[in-house]
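Grab a coffee and open the viewer. Here is a short set of exercises, each with a worked solution to check yourself against.

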Amino acid sequence: MTELAAGQPLSRVIGDETTADGDIGLADEELLALHRSLVLLRTYDERSIVYHRQGRIGTYAVYWGHEAIQAGAVHALDPEDWMFPSYRESAVGLLRGIPPATVLSWWRGHPAGWWNPADYGVASICVPIATQVPHAAGFAWGSMLRGEDRVALVFFGDGATSEGAFHEGANLAAVKRAPLVLLCNNNQWAISTPLADQTAAAALVDKAAGYGIPGARVDGTDVLAVHDAVRRAAARARAGDGPAFIEAVTYRAAPHATADDPSVYVDPVQVEEARRNECVGRFEGYLRRRGLLDDEYAQSVRDEALRAMREGITAAEAEPPADLALLFEHALVDPPSSYADDLAELRRIGDG
Amino acid sequence: MAERFLVEAVNDALHVEMERDADVMVIGEDVGRAGGVFRATAGLRERFGPDRCVDMPLAEAGLLGGAVGLCMAGWRPVCEMQYDAFSYPCLDQLITHVGRYRWRTKGALSFPLVVRMPYGGGVRAPELHDDSPETYYVHTPGVKVAIPSTPGDAKGLLAAAIRDPDPVVILEPKLIYRTARGEVPEGEHVVPLGRARVAREGTDVTLVAYGAMVPVAERAADALEGEASCEILDLRTLKPLDEDALLASVRKTGRVVVVQEAPRTLGFAAEVAAVLAERAILDLHGPVLRVTGFDVPYPYWQLEDWYMPSPARVVDAVRRLLSF
């Protein structure tokens with residue numbers, strides 16, 4: 001990467017032409033599981049762009065190139081830990097067992113896209129920027145008060161660090177020493193606004209000091225570096241030492257969303273470099289060098305992910321149209337009588 | 001029964017409900033060590049400890065956002081906003097999450113939180129300690145809104161809100177925190193949400209009011225004694241609105257004056273008038289009149305008596321309506 005803000009050096013584990021591969025102590029099976037997760041997320045993202053072009057899902061927020069942050073984080077957590085995704089991590093729940101059809105339904109605007117966060121330890125997809133940070137802080141703090149051995153992790157982007165909600169949530173977690181991992185995907189763009197117009201800080205990780213919490217700055221395209229940083233932060237949080245801030249540095253090599261044309265603002269040279277260094281390929285190189293992956297195996301993992309996506313979109317499209325009663329159901333435990341009246345009126349008039 | 005001031009009844013409700021349910025916690029600015037700037041939370045930290053009556057960082061959106069997470073972890077947070085106009089940052093979380101999250105999870109998660117705050121003017125305070133923001137809260141889908149006017153209802157509505165499985169916002173009329181005094185049942189006392197109260201029976205005109213405007217309506221009714229028989233309907237819950245009680249009163253009197261401290265346009269009085277236009281047009285002998293604050297910034301306090309609806313303005317509206 002070039003033109004990064006000065007600050008701490010980026011932590012890396014996966015080597016390149018000049019540096020040797022590191023080792024974070026994961027067993028071979030764990031490394032391969034991590035790879036399957038990366039490929040599943042990548043396949044979800046690439047297929048979603050196709051499905052959008054085919055008119056099968058609505059506007060979709062692309063996360064191509066950010067799979068390492070998501071998979072690295074999820075694999076570093078314990079099963080009872082919770083995560084709070086933004087829309088940029090819409091499919092992260094796949095790694096916790098949420099069916100692809102569910103997330104695809106969410107992007108199809110169908111209520112079958114609902115899930116129970118408690119079933120997976122995955123909060124609902126948060127659309128307004130940074131507003132999920134206080135949720136994660138409150139959840140972590142509330143779990144700690146109940147004596148539960150549970151950590152929360154919240155995903156957000158570089159633009160989110162400008163929001164009051166990020167500050168208020170980070171500060172709350174720090175003051176209460178809540179077991180929270182604040183994981184920032186610094187892909188250096190908030191739609192079309194570059195990081196330099198977002199902050200005057202030399203590096204986002206420097207903000208950690210202002211909250212009195214430790215920070216780490218890692219290469220966000222290095223899944224092992226992310227895994228290692230999250231694992232350390234989670235262990236620290238679990239031990240009662242409070243939250244930590246991790247800045248995972250990437251570059252947004254894809255559009256913000258399917259409705260966005262980044263060619264008018266991004267630097268094509270940087271995009272090209274980011275695409276060359278993309279995280280799935282980097283990790284596959286690491287696995288090859290360790291003798292854990294060959295072409296045939298890599299293809300079988302991709303085929304498995306493609307099959308899951310095909311089944312997912314088929315299932316999502318097979319959902320019957322949502323009943324209009326769902327307009328009113330679930331808004332309140334104890335609904336007002338007006339809901340029944342409104343529903344009866346809609347049924348009487350029909351959709352003609 | 002004990003005689004209590006309204007703010008003491010709030011404090012009583014918090015003690016009783018926190019005793020009753022160990023998942024109830026109070027969070028807010030200065031609610032713990034200081035016991036709240038109005039003393040509404042006095043004694044809770046001593047009785048229940050600093051983890052259940054929590055002094056929070058000074059950040060209203062973070063406070064309510066944190067409460068969303070606390071609900072997910074199994075708590076029932078009662079969030080104090082220190083003043084009406086300081087609550088506006090929390091509208092971000094209220095609108096984007098509190099009122100939507102349950103629906104978003106197909107009813108799997110509940111958010112049994114309460115937001116309570118002192119509201120309203122007439123207290124000779126600096127700017128932005130005087131607002132009546134109920135419309136913003138009422139207009140947010142997925143939350144209920146209640147406003148007590150008596151000590152008994154202040155206790156009972158707050159208890160109902162704490163026990164309610166849905167988010168509830170309670171606005172407490174600070175003007176009468178320590179002037180409204182009345183009987184408050186000891187121990188558990190619940191006033192169901194969604195039910196209005198006939199504060200005074202009458203036959204000629206219905207004065208619809210809530211919160212600190214109920215005593216204003218009562219003084220107007222006193223002034224009109226011998227001239228007009230006023231029924232006073234204290235709404236108590238703005239959402240869900242007790243339309244049956246409203247319609248029953250209008251069937252009897254045929255005339256309605258709605259008194260509201262908030263600015264006029266799109267205030268709650270407009271909703272009352274709309275309901276009557278839709279459902280009671282043939283019962284009405286004249287227009288539904290509003291006596292409200294004005295569509296201006298809440299003034300400095302040397303002018304605030306002109307802003308606040310007065311008994312004289314209510315009397316004037318009743319006379320205009322009777323001569324319609």
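The exercises below go from whole chains to single residues, and the model they use is a predicted one.

**Exercise 1. Size up the two chains.**
Task: work out how many helices and strands chain A has, and how its radius of gyration compares with the globule rule.

Solution, step by step:
- Start with the count: chain A has twelve helices and seven strands.
- Next, the radius of gyration of chain A is 21 Å, and the globule rule gives 20 Å for 352 residues, so chain A is as compact as a globular protein of that length.
- Now do chain B, where you should find twelve helices and 14 strands.
- The radius of gyration of chain B is 19 Å, which agrees with the value near 20 Å for a compact globule of 324 residues.
- For the boxes along the principal axes, the C-alpha atoms of chain A fill roughly 70 × 50 × 40 Å, while those of chain B fill roughly 60 × 45 × 40 Å.
- Burial comes next: 50% of the 352 residues of chain A count as buried, and for chain B the figure is 58% of 324.
- Finish with contacts between residues at least 6 apart in sequence: in chain B, 79% of them join residues at least 24 apart, and chain A also comes out at 79%.

**Exercise 2. Check the confidence.**
Task: find the mean pLDDT of chain B and the ipTM of the model.

Solution: the mean pLDDT of chain B is 98, with 100% of its residues at 70 or more. For the model as a whole, ipTM is 0.96 and pTM is 0.96.

**Exercise 3. Take the interface apart.**
Task: say which helix gives the largest share of the side of chain A that touches chain B.

Solution, step by step:
- Count both sides: 32 residues of chain A are in contact with 34 residues of chain B.
- List the elements of chain A that give two or more residues to its side: helix 4 (117–120), helix 5 (132–145) and helix 6 (164–175).
- Pick the top one: helix 5 of chain A, with ten residues.
- Sort the chain A side by type, and you get 18 nonpolar, eleven polar and three charged residues.

**Exercise 4. Find the core.**
Task: name the residues with the most contacts inside the largest nonpolar core.

Solution, step by step:
- That core has 206 residues, and the ones with the most contacts inside it are A:V181, A:L183, A:I246, B:L207 and B:V257.
- Helix 8 (residues 223–238) of chain A gives the most to this core, nine residues.
- Zoom in on A:V181: beyond four places in sequence, its contacts include A:V151, A:L153, A:V230, A:A233 and A:I246.
- As background, nonpolar side chains tend to be buried together in soluble globular proteins.

**Exercise 5. Is A:W106 buried or exposed?**

Solution, step by step:
- Locate A:W106 in helix 3 (residues 100–107) of chain A.
- Count its neighbours: 25 other C-beta atoms lie within 10 Å, so A:W106 is buried, the cut-off being 20 or more.
- Past four places in sequence, A:W106 touches A:S90, A:G113 and A:I125.
- Its C-alpha is also 9.4 Å from that of A:A316, 210 residues away along the chain.

**Exercise 6. Hunt for backbone oddities.**
Task: compare A:Q188 and A:H330, then find out which peptide bond into B:P240 is cis.

Solution, step by step:
- Keep the background in mind: most residues other than glycine have a negative phi, and most peptide bonds are trans.
- A:Q188 is not a glycine, yet its phi is positive, about 70 degrees.
- A:Q188 sits in the loop between strand 3 (180–186) and strand 4 (189–190) of chain A, and counts as buried because it has 24 C-beta neighbours inside 10 Å.
- A:H330, again not a glycine, has a positive phi of about 80 degrees.
- A:H330 lies in the loop between helix 11 (295–318) and helix 12 (337–349) of chain A, and its 19 C-beta neighbours inside 10 Å make it partly exposed.
- The cis bond runs from B:K239 to B:P240, with omega near 0 degrees.
- B:P240 belongs to the loop between strand 12 (237–239) and helix 9 (243–253) of chain B.

Key. Residues are numbered from 1 along each chain as its sequence is written. Chains are lettered from A and ligands numbered from 1 in the order in which they are written. A nonpolar core is a set of buried Ala, Val, Leu, Ile, Met, Phe, Trp, Tyr and Cys residues joined through C-beta atoms within 7 Å. A residue is buried if 20 or more other C-beta atoms lie within 10 Å of its own, exposed if 12 or fewer, and partly exposed in between; C-beta atoms are placed from the backbone. Helices (H or I, at least four residues) and strands (E, at least two) are DSSP runs, numbered from the N terminus. Two residues are in contact if their C-beta atoms, placed from the backbone, lie within 7 Å. Ala, Val, Leu, Ile, Met, Phe, Trp, Tyr, Cys and Pro count as nonpolar, Asp, Glu, Lys and Arg as charged, and the others, Gly among them, as polar. pLDDT is the predictor's confidence in each residue, from 0 to 100. The radius of gyration is taken over C-alpha atoms; the globule rule is 2.2 Å times the number of residues to the power 0.38.
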